[in-house]
Amino acid sequence: MSSILVVDDEQVIRSGLKRLLQRNGYEVAEAGSVDEALAQSSPDLYDLIISDLRLPGLPGTALIERAGETPVLIMTSFASIRSAVDAVKAGAADYIAKPFDHDDMLITIDRILREQRLRRQNRALRAEQALAKPDSGIIGNCPGMIEMHRRISRVAPLNTTVLILGESGTGKELVARALHEQSPRRDAPLISVNCAAIPESLIESELFGHEKGAFTGAQGLRKGLVEAADGGSLFLDEIGELPLEAQARLLRLLQEKEVRRLGATQTRKVDVRLIAATHRNLKQLASEGLFREDLFFRLNVMELSLPPLRDRGDDILTIADQLLVRTIERVGSKPLTFTPEAREAMAHYHWPGNIRELENAIERAVILTETEVITPSLLAIESAYPARQTQTVQVDDDPPTGLSLEDYFQHFVLEHQDQMSETELAQKLGISRKTLWERRQRLGIPRRR
């Protein structure tokens with residue numbers, strides 16, 4: 001039963017309107033002025049307020065701003081265009097002129113209440129959709145991504161450790177961010193660390209901090225990234241690249257909820273939710289002694305698997321359209337569209353680098369195009385050869401002549417990785433350690449321990 005508040009300074013009108021509404025199944029309260037109505041109860045507790053425009057003291061429109069989302073129907077004896085417009089401008093749901101016809105009043109009330117119910121239903125539906133699939137930046141409606149959204153919404157509110165699996169470039173960090181932003185920790189920091197991008201000699205100091213003099217070059221106290229994430233979430237990307245020594249410290253963090261800086265004697269309690277990600281098979285690494293088995297079991301409480309872009313069907317073009325819009329805004333380009341041939345090529349290409357490769361291809365095309373369209377040649381993808389196979393180069397004492405840059409890179413790494421650290425390999429190649437790691441992933445060269 002809908003509840004209605006009638007506000008009018010004329011007792012005869014209030015009583016007559018009250019009887020009419022009650023006969024038609026409404027619950028009715030009445031007041032003679034705005035002040036009296038406000039003294040009785042909060043206006044937003046009613047489903048509808050019907051108020052005369054001219055009242056002793058405050059006008060009926062004063063109820064509008066105090067009614068919140070409750071609609072207000074204004075009655076006026078001055079049925080002029082001016083008073084009607086002023087009432088609607090003030091936020092009234094509608095107006096009706098006195099003396100009013102009973103049927104007109106009932107029809108107007110029914111319409112306003114139906115519209116109000118629809119607005120409430122839409123808000124509830126939007127809230128439900130936002131809970132089930134928040135705006136996390138993750139685009140996609142293929143079955144695999146629908147399941148991913150469902151799992152994120154279920155596990156995000158918990159403190160459970162999460163392991164995100166997926167090929168490089170599939171958007172694992174976006175999933176980690178969604179988990180954090182949908183959790184009770186959303187107002188605390190999310191600290192993201194790429195374990196493969198930090199030199200092995202510095203990874204423990206970066207994660208766990210150090211005291212002054214803990215090692216050569218430690219000139220002062222430094223808080224680690226784990227402590228920086230206290231109260232929030234710590235995202236360790238490519239955790240399969242974490243050295244064994246750092247794995248032992250991470251295991252203690254998960255077991256004891258405490259951390260000890262390098263060179264310190266005391267431990268510190270921290271409240272951190274760990275989210276890890278990898279493109280590698282940690283179970284296999286553990287069986288080979290390259291990853292701690294006890295840490296693997298601690299990490300693998302809840303597993304989320306991201307499908308590769310090539311398995312996501314129509315999502316490829318949906319993501320491409322979104323990336324095109326973002327790239328145009330970022331580089332300040334004129335409006336652009338994909339040609340039908342470009343869309344066909346993107347839909348059938350294998351995308352070994354997944355979304356990251358797609359994003360790079362679109363950015364390159366936006367920069368290079370001299371027209372208002374993007375063609376397959378600008379994307380630099382060859383749909384006829386979707387999956388480029390990496391050839392294994394036989395390592396000799398001297399590298400074969402006529403190698404491409406990528407083949408030479410592969411030859412050099414395979415030849416020297418048993419004798420050199422990752423840092424030394426990067427220095428010899430004249431690139432950063434992060435670039436070395438990224439090229440390993442692109443060319444499928446496993447890192448040896």
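This report describes one pocket and two helix pairs in a predicted model.

**The second largest pocket**

The second largest pocket has a volume of about 680 Å³. Its lining is made up of 30 residues, and G171, K172, E173, L174 and R356 lie nearest the centre. The elements that contribute two or more residues to this lining are α7 (172–181), β7 (190–194), α13 (315–331), α15 (354–368) and α19 (433–443). Helix α7 gives the most, with 5 residues. By type, the lining of the second largest pocket divides into 11 nonpolar, 7 polar and 12 charged residues.

**Two helix pairs**

Two of the elements named above, α7 and α13, also take part in the helix pairs below. Two packed helices are described by the angle between their axes and the distance between the axes.

| Helix pair | Angle | Axis distance |
|---|---|---|
| α6 (residues 143–155) and α7 | about 40° | 8 Å |
| α13 and α14 (residues 340–348) | roughly 125° | within 9 Å |

The crossing of α6 and α7 is right-handed. On the α6 side the contact is formed by M148, I152 and V155, and on the α7 side by V175, A178 and L179. These residues divide into 6 nonpolar, no polar and no charged.

The crossing of α13 and α14 is right-handed. With their axes at roughly 125°, α13 and α14 are therefore oblique to each other. Here I316, L317, A320 and D321 of α13 meet R343, M346 and A347 of α14. The residues of this contact divide into 5 nonpolar, no polar and 2 charged.

Terms used
Residues numbered from 1 in each chain as written. Predicted model: local features only at pLDDT ≥ 70, side-chain atom pairs only at ≥ 80, totals over all residues. Heavy atoms only, no water. 1 Å grid on protein atoms, 1.4 Å probe; cavity = no way out; pocket = protein on both sides within 12 Å on 5 of 7 lines; lining within 4 Å. Points joined across faces, edges and corners; volume = space filled by probe spheres on them. Helix = DSSP H or I, 4+ residues; strand = E, 2+ residues; numbered from the N terminus. Nonpolar A, V, L, I, M, F, W, Y, C, P; charged D, E, K, R; others polar. Axes fitted to C-alpha atoms, helices over the stretch in contact; angles between N-to-C directions. Left-handed = near helix turned anticlockwise from the far one by under 90°. Contact = heavy atoms within 4.5 Å. Parallel < 35°, antiparallel > 145°, perpendicular 65-115°, else oblique.
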